[in-house]
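Please read the following alongside the sequence and the three-dimensional model, going back to the coordinates whenever a residue is named. The paragraphs move from charged pairs to helix packing and then to single residues.

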Amino acid sequence: MPNPYAEVSRAIVQSLGGMQNIESVTHCMTRLRFVVKDRAQVDSAALKALPGVMGVVDNDTQCQVIIGNNVGKAYQAILALGTPEASGGAVVKRKITLRSIGAGILDALVGTMSPLIPAIIGGSMVKLLAMVLEMSGVLPKGSSTLTILTVIGDGAFFFLPVMVAASASIKFKTNMSLAIAIAGVLLHPGFIDLMAKAAQGQAVDFASIPVTPVKYTYTVIPALVMTWILSHIERIVDRITPAVTKNFLKPMLIVLIAAPIAILLIGPLGIWIGSGISAVVYTVHGYLGWLSVAIMGAIWPLLVMTGMHRVFTPTIIQTIAESGKEGMVMPSEIGANLSLGGSSLAVAFKTKNRELRQTALAAAASAIVAGISEPALYGVAVRLKRPLVACLISGFICGAVAGVGGLASHSMASPGLFTSVQFFDPANPMSIVWVVAVMALSVVLSFILTLILGFEDIPESAPEASASPAKAESIEPVKAAVHH
């Protein structure tokens with residue numbers, strides 16, 4: 001069966017300056033993420049005009065093309081056109097500025113974590129399944145089936161440093177097996193046992209250098225930073241080792257250099273960085289309480305638009321691993337996601353454009369049922385503008401309600417109808433009532449606000465409904481105001 005995204009993917013590559021101008025390509029839940037060599041060759045206007053493209057986010061390091069739920073098919077169609085590494089072309093050197101450094105850090109974090117999200121969500125949902133089966137009495141506490149289910153769900157979290165190392169090795173273009181081997185050192189039972197003894201006061205050193213007691217399971221930053229360091233160590237060792245010894249001497253030197261650096265320096269530093277970020281985020285939560293959840297609910301769609309929402313992924317993972325729940329970012333997403341769904345329902349209810357109605361209904365289902373909000377964000381809210389305002393207001397109010405209700409997530413699956421179980425607290429049955437109330441309020445409130453604020457409808461004769469994108473670009477859209 002032919003890939004339906006073959007043609008649009010070819011047009012995307014052409015708008016980016018051809019495969020020879022693409023340094024790398026990855027994808028997350030809804031976006032194709034391109035790193036381009038020469039930004040002057042990118043035609044953003046042409047990208048945005050392509051059918052099937054919901055939006056484009058362009059920053060210093062990436063060009064992100066929003067596709068929606070079928071991004072996997074578009075990604076496969078891109079790969080069918082050839083691999084970026086094999087396409088040649090000189091890499092344009094980028095100026096080093098504070099902005100470029102910040103963008104580079106964000107790009108490394110997002111580029112590394114995005115491919116891991118399915119495994120993390122899958123593991124989270126299995127852990128939640130085990131929790132529900134125990135709560136309902138289907139499986140008794142301590143049963144072997146319950147234990148195995150918990151282990152299945154916990155595998156992605158326990159070995160997260162290994163997964164991060166593998167993903168980061170692709171991002172930083174270094175040897176994956178070496179990156180995994182070094183991350184594996186940090187999770188080796190012997191090393192974990194040694195760190196436990198060090199935490200109890202036993203002196204532990206390596207070559208007379210004291211080793212800081214650190215627990216690396218469930219962590220992100222140490223493996224990410226270490227793999228970046230590894231990419232530089234590998235290049236240096238490759239230059240200094242004779243060709244005849246590269247097969248054995250090069251990997252041995254890399255491991256002997258990189259592993260001690262990870263144990264003595266990068267590992268503890270990464271833990272401190274991750275803990276510091278978490279401390280800042282939840283200190284704010286501690287001072288502002290429900291207001292911090294409300295603010296996060298209001299700005300969440302804006303963070304998604306810039307890709308900044310992925311910055312919170314390591315913090316959420318570490319917080320859930322340490323305390324079993326997360327009570328600021330994840331609860332705010334309930335209102336943000338379902339508000340986009342409710343707003344899309346309102347657009348589908350009032351629009352006269354059959355294509356827009358179909359788009360809005362599909363986007364609403366995606367946001368409300370599965371918690372995937374980007375089709376609603378780009379296909380409806382940003383496109384029509386006023387529904388986005390309605391969503392920001394609704395997100396603030398619903399975030400405040402979630403904060404007052406003390407909701408917290410035991411997983412990091414995107415909040416939606418099917419994943420709402422992650423907010424159920426076995427020790428607090430009222431949490432179920434609060435979750436249902438916030439979800440219902442999000443849909444109803446955003447629906448009403450969208451109708452009150454109105455939106456500029458798109459007649460079927462406008463460019464968006466045209467069968468020919470090329471002709472559509474030359475036609476000035478005529479918009480009819482819908483007010484209520």
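In this predicted model, Asp238 and Lys250 form a salt bridge in which the closest N and O atoms are 3.2 Å apart. The two partners belong to distant parts of the chain, since Asp238 sits in helix α10 and Lys250 in helix α11, with their positions 12 residues apart in the sequence. Their surroundings can be described by accessibility: Asp238, at 32% relative accessibility, counts as partly exposed, whereas Lys250, at 18%, counts as buried, the cut-off for buried being under 20% relative accessible area. The pair is also part of a wider arrangement, in which salt bridges that share partners join Asp238, Lys246 and Lys250 into one network.

The helices that carry this pair can be considered next. Two packed helices are described by the angle between their axes and by the distance between those axes. For helix α10, which covers residues 221–240, and helix α11, which covers residues 249–288, the axes come within 8 Å and cross at roughly 150°. Angles over 145 degrees count as roughly antiparallel, and α10 and α11 are therefore roughly antiparallel to each other. In handedness, α10 passes α11 in a right-handed crossing, and the residues of the contact between the two helices divide into 17 nonpolar, 3 polar and 3 charged. Helix α10 also contains Ala223, which counts as buried at 5% relative accessibility. The C-alpha atom of Ala223 is separated by 30 Å from that of Arg39, a residue 184 positions away along the chain.

A second helix pair can be read in the same order, beginning with its charged residues. Lys127 forms a salt bridge with Asp154, and here the closest N and O atoms are 3.3 Å apart. This pair, too, links distant parts of the chain, with Lys127 in helix α5 (residues 117–135) and Asp154 in helix α6 (residues 144–158), 27 residues apart. Lys127 is partly exposed, with a relative accessible area of 28%, while Asp154 is buried, with a relative accessible area of 16%. As for the helices themselves, the axes of α5 and α6 come within 7 Å and cross at roughly 155°, which makes α5 roughly antiparallel to α6. The crossing in which α5 passes α6 is left-handed, whereas α10 passes α11 in a right-handed one.

How many salt bridges does the structure hold? There are 5, and one of them remains to be described in detail. Side chains of opposite charge can pair when their charged atoms come close. Arg31 forms a salt bridge with Glu374, with the closest N and O atoms 2.5 Å apart. Arg31 lies in strand β2 (residues 31–36) and Glu374 in helix α16 (residues 374–384), so the pair ties together parts of the chain that are 343 residues apart in sequence. Arg31 is buried, with a relative accessible area of 0%, and Glu374, at 7% relative accessibility, counts as buried as well.

Strand β2 also leads to a residue annotated in a database record. Under "active site", an unreviewed UniProt entry lists Cys28, and such annotations may be inferred rather than shown by experiment. In the model, Cys28 lies in the loop between β1 (22–27) and β2. Is this residue buried or exposed in the model? With a relative accessible area of 7%, Cys28 is buried.

Finally, two loop residues deserve a look for their backbone geometry. Lys173 has a positive phi of about 55° although it is not a glycine, and it is found in the loop between α7 (160–171) and α8 (176–187). Tyr218 likewise has a positive phi, of about 70°, although it is not a glycine, and this residue is found in the loop between β6 (209–210) and α10. With regard to accessibility, Lys173 is partly exposed, having a relative accessible area of 47%, whereas Tyr218 is buried, having a relative accessible area of 17%.

Terms used: Residues are numbered from 1 along each chain as its sequence is written. This is a predicted model: local features need pLDDT of at least 70, side-chain atom pairs count only at pLDDT 80 or more; totals for chains, interfaces and linings use all residues. Side-chain values use heavy atoms; hydrogens and water are left out. Axes are lines fitted to C-alpha atoms, for helices over the stretch in contact, and angles run from 0 to 180 degrees between N-to-C directions. Helices (H or I, at least four residues) and strands (E, at least two) are DSSP runs, numbered from the N terminus. Angles under 35 degrees count as roughly parallel, over 145 as roughly antiparallel, 65 to 115 as roughly perpendicular and the rest as oblique. A crossing is left-handed if the near helix is turned anticlockwise from the far one by less than a right angle, and right-handed if clockwise. Ala, Val, Leu, Ile, Met, Phe, Trp, Tyr, Cys and Pro count as nonpolar, Asp, Glu, Lys and Arg as charged, and the others, Gly among them, as polar. A salt bridge is a side-chain nitrogen of Lys or Arg within 4 Å of a carboxyl oxygen of Asp or Glu. Buried means under 20% relative accessible area, exposed over 50%, partly exposed in between (1.4 Å probe, protein chains only).
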